Amino acid sequence: MTSTPTIVSMGATKSRKPRDAVVIGAGPNGLVAANLLVDAGWDVLVLETQPTIGGAVRHDSGVAADFVHDEFSAFYPLSLAGPVIPALGLEQYGLRWQHAPAVLGNPQPDGSWAMLHRDVQDTVAGLDRLAPGDGAAWRELHEAWQIIGPSVVQSLLTPFPPVRGGLSTLARLPKVGGVDYVRFLLEPASVMGAKRFATEHAPLLIAGNALHADIGMDSAGSGLLGLLLAMSGQTVGFPVPEGGSGRLTQAMADRFVARGGLIQCDTRVARVLVDRRRVRGVVTAAGERIEARAVVADVSAPALYGDLVGYDELPARVRKGMDRFEFDPATVKVDWALSGPVPWASAPPAAPGTVHIIDSLDQLSRTQAAITSHSIPADPFLLVGQMTTSDPTRSPAGTEALWAYTHVPQEARRDDGPDGLTGRWDDDEGERFADRMQARLEKYAPDFASRIIARRVLGPHQLEARNENLVRGALGGGTANLQQQLIFRPITGFGRADTAVRGLFLGSASAHPGGGVHGAPGANAARAVIAAARTGRL
C-alpha cells in the first residue's frame with residue numbers, strides 16, 4: 001500500500017538551459033497547466049517546494065500503520081463532472097476511481113437519513129419514503145439539470161466571460177423554464193430546497209453541499225453551488241482515487257513526464273524575474289536562475305503579488321486590490337484510524353462515503369453566522385469522509401480510515417462553546433476543538449470512541465505547514481463570495497489568468513473560478529499562455 005506519491009525529480013543544478021515555461025507548484029492546477037503546455041509542444045519545468053508532489057491532493061500513512069489518510073481533499077465530483085481532468089486520460093497512467101455504496105448521507109436526530117445516490121431512482125425512492133412527493137420534486141430538479149447542467153459547469157469553469165458555455169446555456173434555458181430558472185439558480189441555499197420539499201432532508205442535501213465553500217446560506221448564488229455539487233454527486237458520484245488521493249496527482253505527473261516534462265521537488269522559488277513588466281524566469285532559494293518565456297504560478301494570490309513579484313514591479317492598483325483580498329475561513333481537520341466501521345446509532349440505508357453532520361437548516365445557518373461574526377461555533381458543521389467505505393484499499397479489512405473537517409474563523413474573537421478557545425490554534429486548542437468535533441460525531445454514533453486506534457489533528461497552522469497555499473487553513477484560495485469572483489478574482493480587473501506582468505500567469509485556486517479539484521485555474525492559465533504566444537504577447 002503506497003502512502004505517498006513518488007518524487008519525479010529533486011535537487012538543483014547551477015547551470016540550466018532556458019525553458020519555454022516554468023510552473024511554480026506541483027499541485028493539481030500546476031500539473032494540469034504543465035500537461036496542457038507540454039501537449040502543445042512546450043519545454044516545461046515544474047518546481048515544487050515540498051519533497052513530494054500533490055499540493056492539496058496528497059495522502060500519507062501518518063495516523064496509523066496500514067491506514068491511508070488523505071491529508072487535505074478527498075472526494076472529487078468536479079474532477080469527473082468538469083471538462084478538464086477527464087480529457088487528460090489519466091486512467092492510462094494508473095488512476096482508478098472508487099465509489100462508496102452511497103454518495104452522501106446526513107443523519108437526523110429522529111434516526112432518519114437524508115441520502116444521495118448515484119442512481120436517481122434510489123435517491124427519489126428514499127426521499128419519497130420520508131415524505132411522499134419529495135422524490136418527484138427531486139426528480140424534477142435532476143431532469144432540469146440533465147438538460148442545462150453541463151453547459152452551466154462549462155460556463156463556471158472557463159475564463160470569464162464564458163462565451164461558448166454561456167451561449168450553450170442560453171440555448172437550453174427555454175427547455176427548463178427560461179428566466180424563471182435563472183432566478184431559481186440565484187436563490188440562496190437556505191430557500192432553494194425549503195420551498196420545494198415537505199421535509200428538511202432534501203434541502204439539507206443542497207444546503208450542506210453549499211457549505212463546502214464559504215458563500216452565506218442566505219446569499220444569492222449559494223443555492224447554485226449546493227445544487228452543482230448535489231447534482232454532480234447524483235450524476236458522477238463523489239469518487240475517490242483508489243489507494244489515496246495522491247494517486248490522482250501522481251497520474252498527472254506520470255503523464256507529464258512521459259511527454260517530456262520535468263518536475264523538481266525540494267526547490268523553492270524565491271522570486272519571479274521581471275524586467276520592465278515582462279517575465280524573464282525565476283530564481284530559486286538556492287540562487288539558481290532559470291530563464292523562461294512564461295511562468296505559471298500555482299500559488300496563492302498574496303504569495304505571488306508582493307512576494308514572488310515585488311509591488312515595485314506592479315501597478316499601484318494591484319497593491320490596492322490585494323489590500324482588500326479576503327481568504328475563506330480557516331479549517332480544522334481530524335483523522336481517525338478506527339478498529340471497525342463507524343457505529344451509527346441508526347444505520348443508514350446504504351453506507352455513504354461522505355457524511356454531513358448537521359441537525360437542521362437552522363443549525364447550519366447559525367454555524368455559518370458564527371464564523372462570519374468571528375465566533376468559533378459551538379456545534380460545528382462536520383464534513384466527514386468514510387474512506388475505507390469508499391475504497392477498501394485504505395485500511396485493513398473490517399476497519400475504517402475516517403476524517404472530518406470543519407471551518408472556523410480566520411480571526412476568532414470569541415468561542416460560542418464552553419471551552420474558552422481563543423483561536424490561537426496551538427496543539428492544546430486543536431485537541432480541545434477536536435474533542436468538540438468528536439462529540440458531534442458521538443451524538444449519532446455513541447460508541448464511536450471505543451473504536452479509535454489513533455487520532456491526528458491538523459489545525460490551520462499544521463495545514464499551512466504542509467501546503468503553503470492553504471494560508472491559515474483556508475482551503476479555497478480566497479473567499480468564494482461574489483465580491484471576489486468572476487472579474488473580481490483575485491482582484492478587480494484580473495478575472496483571467498493574465499497578470500500585469502507580460503508572460504506571468506496565475507494558475508491557482510486564487511484565480512477564477514476558485515477552489516475545488518477541477519483543474520480549471522491551471523487549464524485557463526495554460527490556454528492563456530498558448531494564446532499569448534500565438535498573438536506575440538510573450
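At what angle do helix 3 and helix 4 pack? In this predicted model, helix 3 (residues 120-130) and helix 4 (residues 134-157) pack at about 145°, and their axes are 7 Å apart. Helix 4 also supplies nine residues, the largest share, to the largest nonpolar core, which has 48 residues.

Residues are numbered from 1 along each chain as its sequence is written, and side-chain values use heavy atoms, with hydrogens and water left out. Because the model is predicted, local features need pLDDT of at least 70 and side-chain atom pairs count only at pLDDT 80 or more, while totals for chains, interfaces and linings use all residues.

**Helices 3 and 4**

- Axes are lines fitted to C-alpha atoms, for helices over the stretch in contact, and angles run from 0 to 180 degrees between N-to-C directions; helices (H or I, at least four residues) and strands (E, at least two) are DSSP runs, numbered from the N terminus.
- Helix 3 contributes Val120, Gln121, Thr123, Val124, Leu127 and Asp128 to the contact, and helix 4 contributes Asp134, Gly135, Ala136, Trp138, Arg139 and His142, where contact means heavy atoms within 4.5 Å.
- Of the residues in this contact, five are nonpolar, four polar and three charged (Ala, Val, Leu, Ile, Met, Phe, Trp, Tyr, Cys and Pro count as nonpolar, Asp, Glu, Lys and Arg as charged, and the others, Gly among them, as polar).

**Nonpolar cores**

- A nonpolar core is a set of buried Ala, Val, Leu, Ile, Met, Phe, Trp, Tyr and Cys residues joined through side-chain atoms within 4.5 Å; buried means under 20% relative accessible area, exposed over 50%, and partly exposed in between (1.4 Å probe, protein chains only).
- In the largest core, Trp138, Trp145, Tyr181 and Leu227 have the most contacts inside it.
- Apart from this core lies another, of 40 residues, including Ala26, Ala251, Val296 and Ala528.
- Beyond residues up to four places away in sequence, leucine 227 touches Leu141, Trp145, Tyr181, Phe184, Leu185, Met192 and Ile206.

**Helix 9**

- Helix 9 (residues 222-236) has end C-alpha atoms 21 Å apart, in agreement with the 21 Å that its 15 residues should span at 1.5 Å a residue; the expected span is 1.5 Å times one less than the number of residues.
- Twelve of the 15 residues of helix 9 are buried, so that the helix is mostly covered.
- Among the buried residues of helix 9 are Leu224, Leu227, Leu228, Leu229 and Met231.
- Glycine 237, just after helix 9, has a positive phi of about 80°.

**Helix 12**

- Val318, Gly321 and Met322 are buried in helix 12 (residues 316-323).
- These residues lie on the same side of helix 12 because they cover an arc of only 95° around the axis, the arc being that of the directions from the helix axis to the C-beta atoms.
- Ala316, Arg317, Lys320 and Asp323 are exposed, on the face of helix 12 turned away from its buried side.
- Helix 11 (301-304) is packed against by the buried residues of helix 12.

**Backbone geometry in loops**

- A cis peptide bond, with omega near 5°, joins histidine 512 to proline 513; proline 513 lies in the loop between strand 20 (504-506) and helix 17 (520-534).
- Aspartate 66, a residue other than glycine, has a positive phi near 75° and is placed in the loop between strand 3 (59-60) and strand 4 (69-70).
- Aspartate 66 counts as exposed at 54% relative accessibility; its C-alpha is 9.6 Å from that of alanine 337, although the two are 271 residues apart in sequence.
- Arginine 276, also not a glycine, has a positive phi of about 50° in the loop between strand 10 (269-275) and strand 11 (278-284), and it counts as exposed at 73% relative accessibility.

**Two buried residues**

- Threonine 367, in helix 13 (residues 361-372), is buried with a relative accessible area of 7%.
- Outside its neighbours within four places in sequence, threonine 367 is in contact with Ile358, Pro377, Asp379, Pro380 and Phe381.
- Phenylalanine 75, in the loop between strand 4 and helix 2 (77-81), is buried with a relative accessible area of 15%.
- Leaving aside neighbours within four places in sequence, the contacts of phenylalanine 75 include Phe238, Pro239, Val240, Met387 and Trp403.
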